[in-house]
Amino acid sequence: MKPISETPFLISLTVLTAAISLASCAPAASKSGAGSASGGTSSVPVPRYAFKSGQVWTISGQDQNNNALRSKITLTDAEPEFRGGQGWFYDGDIGFINLFEVDRGTNFEIWDVSDSKRLVLCYVRQSYDEGQTSYEGIALSGSREEINGLFAKLSTVYGGSCRVTRS
């Protein structure tokens with residue numbers, strides 16, 4: 001059996017198209033997106049997970065071209081923003097986390113958007129667990145145009161492998 005770093009990962013076009021559309025819209029801090037646990041009239045839900053200010057998420061691995069990835073995103077104290085069908089966005093110093101609901105739990109993405117010529121994404125296809133600190137995922141990097149072009153040409157995209165670690 002090949003080690004995970006040598007095994008290509010497949011991502012469906014639908015999932016990747018949604019993920020890429022999110023890369024172009026890193027969230028701005030917004031208090032209106034946090035919702036309220038009180039009996040207010042807000043239709044925005046309360047976040048289910050407590051990503052905390054100051055948490056550091058480290059992305060490491062290889063992208064779709066076997067180029068090394070290494071990014072470190074520190075979550076800010078901005079309240080999470082809910083964007084309907086796109087899920088929850090948590091701001092970081094050089095990127096963001098997007099957590100969204102799927103049929104069997106949640107998936108989440110960690111984005112480093114500090115360099116517009118080389119966006120870095122680690123897409124984790126498993127539910128977030130507050131007791132877990134390390135996740136395997138699918139890695140992609142490139143400019144938004146490069147990544148969008150990759151999706152436009154293919155019905156299935158090969159990505160590299162990555163690991164994200166929370167501390």
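Is Tyr128 buried or exposed? I looked this up before anything else. Tyr128 is buried, at a relative accessible area of 4%. The model I am reading is a predicted one.

**Entry: overall layout**

I counted elements next. The protein has two helices and 10 strands. Read from the N terminus, the order is β-α-β-β-β-β-β-β-β-β-α-β. Of its 167 residues, 41% count as buried. I also checked how far contacts reach along the chain. Taking contacts between residues at least 6 apart in sequence, 52% join residues at least 24 apart.

**Entry: aromatic pairs**

I searched for ring pairs and got 13 aromatic pairs. One of them joins Trp57 and Tyr128. Their centres are 6.3 Å apart and the planes make 45 degrees, a tilted pair. Trp57 belongs to strand S2 (residues 56-62), while Tyr128 sits in the loop between strand S8 (119-124) and strand S9 (134-142). The pair therefore ties together parts 71 residues apart in sequence. Trp57 is buried, with a relative accessible area of 0%.

Another pair I noted is Phe89 with Phe96. The ring centres are 5.6 Å apart and the planes lie at 40 degrees, so I logged this pair as tilted. Phe89 and Phe96 are both buried. Phe89 has a charged visitor too: the charged end of Arg83 sits over the Phe89 ring, 4.3 Å from the ring centre.

Which residues do ring pairs link into a cluster? I found Phe51, Trp57, Tyr90, Phe108, Tyr128 and Tyr135.

**Entry: strand S5 and its partners**

I went to strand S5 (residues 88-91) because both Phe89 and Tyr90 are in its range, and both of its faces are covered. Trp88 and Tyr90 lie on one side, Phe89 and Asp91 on the other, and all four are buried.

I then followed S5 to its neighbours. Strand S4 (residues 81-82) pairs with S5 in the antiparallel sense, over two bridges. Glu81 stands opposite Phe89. S4 and S5 make a hairpin with five residues between them. I checked the turn: Gly84 there has a positive phi of about 50 degrees.

On to strand S6 (residues 95-102). S6 and S5 are also antiparallel, with four bridges. Leu99 in S6 is the bridge partner of Trp88. S5 and S6 form a hairpin with three residues between them.

**Entry: the disulfide**

How many disulfides does a search of the whole structure find? I got one. Cys122 and Cys162 form the disulfide, with sulfur atoms 2.0 Å apart. I read 85 degrees about the S-S bond, and the link is right-handed. Cys122 lies in strand S8 and Cys162 in strand S10 (residues 156-166). The two are 40 residues apart, and the pair links distant parts of the chain.

I checked burial for each cysteine. Cys122 has 0% relative accessibility and counts as buried. Cys162, at 2%, counts as buried as well.

**Entry: Thr106**

I looked up Thr106, which lies in strand S7 (residues 105-112). Thr106 is buried, with a relative accessible area of 1%. What lies 3.0 Å from a polar atom of the Thr106 side chain? I found the backbone nitrogen of Tyr128 there.

I listed the contacts of Thr106, leaving aside neighbours within four places in sequence. They are Arg48, Tyr49, Leu99, Phe100, Glu101, Gln126, Ser127 and Tyr128. Two names come back from earlier entries: Leu99 is the bridge partner of Trp88, and Tyr128 pairs with Trp57.

**Entry: Asp63**

Where is Asp63? I placed Asp63 in the loop between S2 and strand S3 (68-74). I then checked its accessibility. The relative accessible area of Asp63 is 1%, under the 20% limit, so Asp63 is buried.

The Asp63 side chain reaches the backbone nitrogen of Asn65 at 2.8 Å. I also looked at Ser141. Asp63 and Ser141 are 78 residues apart in sequence, yet their C-alpha atoms are 5.9 Å apart in space. Leaving aside neighbours within four places in sequence, I logged contacts of Asp63 with Leu69, Arg118, Ala139, Leu140, Ser141 and Gly160.

Methods
Residues numbered from 1 in each chain as written. Predicted model: local features only at pLDDT ≥ 70, side-chain atom pairs only at ≥ 80, totals over all residues. Heavy atoms only, no water. Phe/Tyr/Trp six-rings, centres within 6.5 Å; stacked < 30°, edge-to-face > 60°. Buried < 20%, exposed > 50% of the residue type's maximum accessible area, 1.4 Å probe, protein only. Lys NZ or Arg CZ within 6 Å of the ring centre and 35° of its normal. Disulfide = S-S within 2.5 Å. Pairing = 2+ DSSP bridges. Polar contact = N/O pair within 3.5 Å; in protein donor to acceptor, adjacent residues only side chain to side chain. Contact = heavy atoms within 4.5 Å.
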